[in-house]
Structures are given as structure tokens and as C-alpha cells.
Amino acid sequence: MSKAVFIRNAAQLVTLQGSSDAPRVKGEMSELGIIENGSVWIEDGVIQAVGPDTELAEKYEGRLSEAEVIDAAGKLVTPGLVDPHTHIVHAGSRENEFNMRLQGATYMDIMNAGGGIHATTRATKAAPHEELYKQSYNRLNQFLRHGVTTVEAKSGYGMDWETELKQLEVAKQLNESHVIDIVSTFMGAHAVPKEYKERPDEFVHLLVEEMIPKVAELGLAEFNDVFCEKGVFTPEQSRVILEAGKRHGLIPKIHADEIEPYEGAELAAEVGAISADHLLKASEKGMKAMAEKGVVGVLLPGTAYFLMAESANGRKMIDLGVPVALSTDCNPGSSPTVSLPFIMSLGCLKMGMTPAEVITAATINAAHAINRGREIGSLEVGKKADVTIFNIENYMKLQYSYGVNHTDTVVKNGQVVLRGGQLV
């Protein structure tokens with residue numbers, strides 16, 4: 001039995017209570033459930049009580065001496081941040097492409113010239129399991145330092161069975177060894193391998209008939225993702241891949257409408273995807289379809305920022321009723337960042353979202369985007385005790401004071417794993 005933890009007297013305790021069954025939409029995204037001078041009592045990795053400090057101090061008066069007490073006076077306390085879209089399991093770096101883009105090359109120009117995803121694929125294929133694990137573990141440490149307690153991790157830098165398997169096995173090992181929880185997604189359909197460039201349907205067949213069944217049989221992923229984009233996978237091919245995953249118990253996700261309008265948002269609604277991600281060029285029709293079906297729009301403003309592109313229209317999506325989440329899209333080519341708080345600032349500055357909305361988007365809605373809304377994403381009795389404490393006095397300052405890591409303390413599964421900004 002682990003020691004009780006009492007986080008007390010927070011300047012603002014952001015609870016987001018009452019949103020475990022479905023992601024928040026429209027005005028609900030601004031309802032943070034703030035308790036001033038709030039406290040949380042934790043036992044055995046689970047939240048036992050949430051409320052005003054005076055109330056909890058009286059309730060647990062006889063047990064204060066046995067608990068680890070964290071004084072959060074003058075600080076902001078939120079649910080642990082959740083990143084629902086990353087490519088953290090990879091090898092190599094692509095800073096040379098950054099320089100190429102600054103000189104005018106586009107993302108697709110670089111990819112078609114053998115760079116982009118293909119460059120990372122080569123590095124990831126060449127990396128031994130141990131090296132891939134080490135690099136990814138270090139990235140997770142950086143996520144933790146920025147207040148993130150749960151991360152989705154995609155494969156997709158192999159596009160052959162051996163490398164996809166290696167990525168998924170590394171993700172599984174990370175989930176077992178690192179304090180951050182890892183939720184795995186199979187993304188064999190990240191790009192069409194060069195050897196299949198002139199016969200992409202054969203690669204789709206390979207995915208559908210061989211790779212997806214193996215992933216499901218081994219239990220290595222919960223979700224199945226596809227890059228639906230001109231020059232990558234068509235909407236028809238994407239539908240085949242996603243429906244095949246559904247037959248094997250894998251929940252659909254989709255990289256949609258990132259570079260050109262391509263009816264990816266519409267497809268996400270049609271196949272019952274849990275999320276459609278990117279959405280820079282999504283149509284209003286597609287947004288409305290997502291809203292109707294409750295598909296979470298996972299927006300990645302860091303990718304648009306890094307590619308010097310216009311961000312997705314987060315304001316319009318929220319107004320139309322799309323449940324919006326935010327993510328770093330951590331990857332070596334288009335968003336090499338681990339700072340979800342910085343992404344939240346971009347949500348405000350580049351997508352018209354409010355400070356309250358981005359808090360919701362990086363906690364409870366992000367949790368729903370990876371099918372974890374009933375376990376994490378809010379501070380409620382019975383949920384996992386994932387809590388982040390920021391060294392600022394209110395939630396608006398988290399986005400206002402951008403580019404600064406305000407994370408002070410992180411509690412994961414009821415254990416303090418970051419204290420004073422340092423890993424424990």
C-alpha cells in the first residue's frame with residue numbers, strides 16, 4: 001500500500017469534474033470546475049477526495065501525519081496533461097530539412113526527394129532495439145518535465161513488418177518501464193514504401209491481410225491510423241485500411257486533411273473514428289460530420305508552426321460542436337517538440353482558442369481522444385491520481401507566459417515523480 005498524498009491549498013485547482021462519459025464541446029470547454037484554495041487527497045494511486053482545503057483538512061485531520069503533504073499555495077494544480085498524438089518511438093533527426101524548408105522546399109517536396117518520413121524510416125530500421133528504446137525513454141523524460149503523464153505513441157517509421165513490430169515492442173517496453181503511460185497506435189499506413197510507389201494497392205493489401213491481423217493477434221496496439229493525403233493514401237484506400245482494423249478490434253484514427261482538402265474529416269465520421277487529427281484543410285461539411293458523430297478533432301498547431309503553414313481553424317471547430325483536443329505531434333520532421341504547454345499557447349495565439357479551452361483540450365478531451373476519458377483527464381474521485389502542479393497562480397498565466405516551463409511537481413498514479421522540476 002503506497003503512502004497517501006495530500007495536495008493542499010492550491011491557488012486554483014482545475015478539476016474538470018463531470019466530463020468522464022464524453023468529451024466536452026462548445027461552451028463546456030470553458031467550464032474548468034475551478035476550486036480556489038483547493039485540495040486533493042490520494043491513496044493507492046487513486047483520487048479519494050477533491051474540494052476546498054478547509055473541508056479536506058478537517059476530513060483527514062487524524063491522518064495528516066501519515067501522508068506526504070504537498071503545499072500548493074500560490075500554485076496552479078491541474079489533471080496530468082495528456083498528449084494524444086505522438087511519434088516518439090523513432091531514431092535519428094532531420095534538422096537538415098528544417099534548413100531546406102527555410103529555403104523554400106515544401107514538406108511534400110522533401111518527402112518525394114527521399115527525405116521526410118523515408119529518412120526517419122531508414123534511421124529507425126537501422127537502430128537496434130536498445131538504442132530505439134533509449135532515445136524514446138529520454139523523450140518521455142522531457143515530456144514528464146513538461147507536466148505530461150500519458151502519451152499516445154504511433155508506429156509508422158518502418159512500413160515493413162520487422163520495423164513496425166520493433167517500434168510497437170519498444171512502446172510496450174516503455175509503458176512497462178517508464179512512469180508515463182503509453183497508449184499504442186499501429187500506423188503501418190504512414191506512407192507508401194518506395195518499392196510500392198507504383199503499386200500502392202499491393203501495399204494496402206499487405207497491411208490489411210498480414211500486418212493488421214498480426215498486430216491485433218499480438219495485442220500490441222489499441223488503435224489503427226492512416227495518413228489520408230494526396231500522394232499518400234486515398235480516401236478509398238484509407239477506408240479499406242481502417243475498416244480492416246475495425247474487423248480486428250483496432251479503433252480507427254486518421255491523419256486527415258493536413259496538406260490539402262481530401263475529405264478526411266468526412267471519412268473519419270463515416271468509419272466511426274475516435275479522432276481525426278491535423279485538419280488544417282478540413283471542410284465545413286467534414287467538421288459538421290465530426291461534430292454529429294462525436295469524433296474528437298486532435299489539433300497540432302506545433303506542426304503548422306514548424307512547417308510555416310496556417311493552423312487549423314480551432315475556433316470554428318469548437319463553435320460547430322467538434323470536441324477539440326491538442327497534441328504536440330512530437331516527431332523528428334514536422335514538430336520536434338515535447339512541450340504541450342507551448343502547444344497550448346499556440347492554440348490560443350494561432351487557432352483562436354481561449355486559455356480555458358486549451359486546458360480542456362490538453363486534459364479531458366485529449367483523454368477521450370485515446371479512449372481514456374473515464375480513467376484520467378480530470379480530478380475526480382475514483383480516477384487515477386495523475387496531477388500536475390505549475391509554479392504559477394492561475395490557469396491563464398500558463399498560456400500568457402509562453403515558452404517557459406512552469407511545471408513544478410508531477411504526481412503519477414499517486415506517486416511523486418517530479419519535484420521542483422527535477423525527476424525523482
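This passage describes two helix pairs and the largest pocket of a predicted model. Residues are numbered from 1 along each chain as its sequence is written, and side-chain values use heavy atoms, with hydrogens and water left out. Local features need pLDDT of at least 70 and side-chain atom pairs count only at pLDDT 80 or more, while totals for chains, interfaces and linings use all residues.

Helix H5 (residues 129–145) packs against helix H6 (residues 161–177) with axes 10 Å apart and an angle of about 50 degrees. H5 is therefore oblique to H6 (angles under 35 degrees count as roughly parallel, over 145 as roughly antiparallel, 65 to 115 as roughly perpendicular and the rest as oblique). The contact (heavy atoms within 4.5 Å) involves His129, Leu132, Tyr133, Ser136, Tyr137 and Leu140 of H5, together with Lys166, Gln167, Glu169, Val170, Gln173, Leu174 and Ser177 of H6.

The axes of helix H9 (residues 264–271) and helix H10 (residues 284–293) come within 7 Å and cross at roughly 25 degrees. H9 and H10 are therefore roughly parallel to each other. Ala265, Glu266 and Ala269 in H9 meet Lys285, Gly286, Met287, Ala289, Met290 and Lys293 in H10.

The largest pocket (on a 1 Å grid over the protein atoms alone, an open set of points where a 1.4 Å probe fits, with protein on both sides within 12 Å along at least five of seven lines) has a volume of about 300 Å³, taken as the space filled by probe spheres set on the points. Its lining (residues with an atom within 4 Å of a point) comprises 18 residues, of which Thr106, Tyr107, Leu307, Met308 and Ala309 lie nearest the pocket centre.

Methods: Axes fitted to C-alpha atoms, helices over the stretch in contact; angles between N-to-C directions. Helix = DSSP H or I, 4+ residues; strand = E, 2+ residues; numbered from the N terminus.
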